[in-house]
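Please look through the structure below before reading on. The paragraphs that follow go from the whole chain to its core, and then to the surroundings of its ligands.

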Amino acid sequence: MREFSFRLAFCAGVFASFVSFSHAEIPAAYTVCASCHGEQGQGNISLNAPALAGQQADYLTRQIHNFQQGLRGTAEGDTNGAQMQAFALQLQDESTLASVVNYLSALPMVKSESTLTGDIAAGRTVYNSNCSDCHGAQGEGIEALSSAKLAGLSDQYLFDQFKKFQQQQRGYAPEDKRGRQMQFMSDVINNDESLRNVVSYIQTLSGQK
Ligand code: HEC
Ligand code: HEC
């Protein structure tokens, strides 16, 4: 009996280390990224680094390419974008990029901390009439449209990005077709209060279809 329980404990130990290994297998190239975006892609609000966990693979790949090609992060005054651009340049090898993107998109979505206050009910109305067709009713993103998953992102990051689209600091390059599309949409909200309401509502979404 003692022998049996020893074996059982041994097997359980091997199994547990196998399971935790397969979960925590962080691609080497992601180590530097984790210092800002977190090991589990949870983001870091004080560094303005967005959550990346569970984001669409297609969207993540395009953003890295955009940073590399200067289609994002090069506008005047976009210091956060410029900071990120420098790191995107470290992912020139496409298979390394794919391993990082696959790791991130497979991670479970996290809910970022909320730091803004908005009227959620008012935001829901605006979201459902202006955003859900492209970003999904639960902010899950629509892969066929290659729109981003918005659920899980912090309200502050969503607010800042929306402003960047409005101020032509994102979606400014003609080659950035998806960014242009979003930039074109960004004039539907014309005041900060309404934008705060929408991003507060987005933070309540589950990201599940
Ligand atoms: C020094 C901190 C820092 C490091 C290191 C860093 N990032 Fe970022 N990253 C940021 C910030 C800040 C932003 C937001 C940029 C903006 O405001 O447009 C960002 C944005 C992104 C985005 C766009 C997300 C979205 O929703 O559009 C992706 C993808 C990304 N980073 C991936 C990476 C990867 C992969 C690495 C490692 C090669 C990395 N980052 C390293 C700070 C960092
Ligand atoms: C016509 C389709 C369309 C509509 C409508 C639309 N979007 Fe987008 N949105 C996109 C696409 C496509 C992207 C990805 C842009 C890129 O690749 O840079 C995007 C990106 C974004 C991002 C950046 C996400 C990130 O991770 O950085 C935010 C924030 C956003 N949209 C908010 C909104 C809000 C809020 C509304 C409603 C007021 C809205 N969008 C309406 C297509 C749309």
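**A walk through the model**

Of the 209 residues in the protein, 34% are buried. The model is a predicted one. The protein contains 10 helices and 0 strands, so its elements, read from the N terminus, run α-α-α-α-α-α-α-α-α-α. Among contacts between residues at least 6 apart in sequence, 69% join residues that are at least 24 apart.

The next subject is the interior. The largest nonpolar core has 30 residues, and those that touch the most other members are Ile64, Leu104, Leu150, Leu158, Val198, Val199 and Ile202. At least two residues of this core come from each of H3, H4, helix H5 (94-106), H8 and helix H10 (192-202). H10 gives the largest share, 5 residues. Leu104 can serve as an example from this core. Apart from its neighbours within four places in sequence, Leu104 is in contact with Gly41, Leu52, Ala53, Gln55 and Leu60.

One helix can be followed in more detail. Which residues are buried in H4? They are Gly81, Met84 and Ala88. These residues lie on the same side of H4 because they cover an arc of only 65 degrees around the axis. Thr79 and Ala86, on the other side of H4, are exposed. H3 is included in what covers the buried residues of H4.

The ligands come next, beginning with ligand 1. It is surrounded by 22 residues, of which Cys33, Cys36, Asn80, Met84 and Phe87 are the closest. Met84 is thus named twice, being one of the buried residues of H4 and one of the residues closest to ligand 1. Helix H2 (31-37), helix H3 (57-69) and helix H4 (79-88) each contribute at least two residues to the shell around ligand 1. By type, this shell holds 14 nonpolar residues, 8 polar residues and no charged ones.

How many residues lie around ligand 2? There are 23, and Cys131, Cys134, Arg178, Gly179 and Met182 come nearest. Two or more residues of this shell are given by each of helix H7 (132-135), helix H8 (155-166) and helix H9 (177-185). H9 provides the largest share, 5 residues. The shell around ligand 2 divides into 13 nonpolar, 7 polar and 3 charged residues.

Some helices appear in both parts of this account. H3 and H4 supply residues to the largest nonpolar core and to the shell around ligand 1. H8 supplies residues to that core and to the shell around ligand 2.

Key: Residues numbered from 1 in each chain as written. Chains lettered and ligands numbered in written order. Predicted model: local features only at pLDDT ≥ 70, side-chain atom pairs only at ≥ 80, totals over all residues. Near = placed C-beta within 6 Å. Helix = DSSP H or I, 4+ residues; strand = E, 2+ residues; numbered from the N terminus. Nonpolar A, V, L, I, M, F, W, Y, C, P; charged D, E, K, R; others polar. Core = buried A, V, L, I, M, F, W, Y, C linked by C-beta atoms within 7 Å. Buried ≥ 20, exposed ≤ 12 C-beta atoms within 10 Å, placed from the backbone. Contact = placed C-beta atoms within 7 Å. Arc of directions from axis to C-beta.
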